[in-house]
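Here is a short briefing on one helix pair and one strand with its neighbours. Look at the sequence and structure first.

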Amino acid sequence: MTYSRIIGTGSYLPERLLTNADFEKLIDTTDQWIVERTGIKVRHIAAENELTSDLAVAAARRALEAANVVPANIDLVIVGTTTPDRVFPSTACIVQAKLGIANACPAFDVQAVCSGFVYALATANNFIKAGQARTALVIGAETLSRITDYSDRGNCMLWGDGAGAVVLTASEEPGIISTHIHADGRYQELLYVDGGPSMGNTEKPAMRMQGNPVFKMAVNTLDAIVDETLAANGMEKADIDWLVPHQANIRIIQATGKKLGLPAERVVITVDQHGNTSAASIPLALDTAVRDGRIKRGQTLLMEAFGGGFTWGSALVKF
Ligand code: COA
């Protein structure tokens, strides 16, 4: 049986920081409120000339280096993003060109908002298992600051910019054990961007959110995806070494950690330093914990995400 294995991780964060003290000057809020309700202390913000594809390329280069793979050997590029450089071409095509991958391999974006990385990973995994790709570059990259309304105190403090990437390759050993992805479009009015090419308002579309119902749905849905993932593999909570969650809100993450019975030190948390970077948050968290030595080869990781759509999903991975 062919599996796909993660053989390298990488990430990139823009230099500029936006702290809670900065938000105290922008909106009616306090550092204490933001930390208590979200766990976020600081987020990174892309420079004016930095595009999602630039962040993606920087993360990808680090992942390729860690995997010891040259760009020419990549035969699939998937970018999870909700903030593409342009309507088209896809950010993945732009990334392919910037990395000098000239082998005409398929390159496309996956739009599943905060679940974008899990969706992209699931897609690449299926390509590899089907024998249609051998070595894939899977990236989550966002410049959410470009679609944030910094006068909307109900959500503007949540978002950050960044990118994370993994190199996946075909292997006889697991690898990605299973992926589970879902969507329910009936909830789109709770979390959306108020414009786009077809609707109009393309000047400055921004995210709109009803935070409280989104919070409740996220906790309940992630609870269910944990059960679904374990049951599909006949596994127990105790089999999970690390939770690598989407970094939306510390309270949502803690609820899933509690559900899994995992001690806090087995949950990778970056939301305090990155904010919610949507599709970038899981690969950013993964790369952080791989590079600082917490996550080790052979360990079992559970990745999970919930986001606009609604979309949600998980990936169970033997690292
Ligand atoms: N600073 C200070 N107070 C704020 C505030 C801010 N930035 N934003 C809202 N408040 C106030 C509200 O006005 C309200 O005051 P009131 O009780 O006097 O009316 C109070 O805080 C509670 O508002 P509420 O919207 O119920 O807050 P909350 O506890 O739900 O927290 C979020 C708001 C956004 C932090 C929270 O709902 C959340 O994290 N939701 C999930 C968001 C998310 O993760 N989305 C992405 C999914 S991928």
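**Helix packing and a covered strand**

Helix 3 and helix 4 are oblique to each other, a class for angles that are not under 35 degrees, over 145 or 65 to 115. This is a predicted model, where local features need pLDDT of at least 70, side-chain atom pairs count only at pLDDT 80 or more, and totals for chains, interfaces and linings use all residues. Residues are numbered from 1 along each chain as its sequence is written, and side-chain values use heavy atoms, with hydrogens and water left out.

**The helix pair**

- Helix 3 spans residues 52-67 and helix 4 spans residues 91-98.
- Their packing angle is about 55 degrees, and their axes lie 9 Å apart.
- In helix 3, Thr52, Ser53, Asp54, Ala56, Val57 and Arg61 meet Thr91, Ile94, Val95 and Lys98 of helix 4 (contact means heavy atoms within 4.5 Å).
- By class, this contact of helix 3 with helix 4 has 4 nonpolar, 3 polar and 3 charged residues (Ala, Val, Leu, Ile, Met, Phe, Trp, Tyr, Cys and Pro count as nonpolar, Asp, Glu, Lys and Arg as charged, and the others, Gly among them, as polar).

**Strand 12**

- Strand 12 covers residues 300-307, and 8 of its 8 residues are buried (under 20% relative accessible area, 1.4 Å probe, protein chains only).
- One side carries Thr300, Leu302, Glu304 and Phe306. The other carries Leu301, Met303, Ala305 and Gly307.

**Its neighbours**

- Strand 11 (residues 242-245) pairs with strand 12 in the parallel sense over 4 bridges (pairing takes at least two DSSP bridges).
- Valine 244 has methionine 303 in strand 12 as its bridge partner.
- Strand 13 (residues 311-318) pairs with strand 12 in the antiparallel sense over 8 bridges.
- Alanine 305 stands opposite glycine 313 in strand 13.

Note on methods
Axes fitted to C-alpha atoms, helices over the stretch in contact; angles between N-to-C directions. Helix = DSSP H or I, 4+ residues; strand = E, 2+ residues; numbered from the N terminus. Buried < 20%, exposed > 50% of the residue type's maximum accessible area, 1.4 Å probe, protein only.
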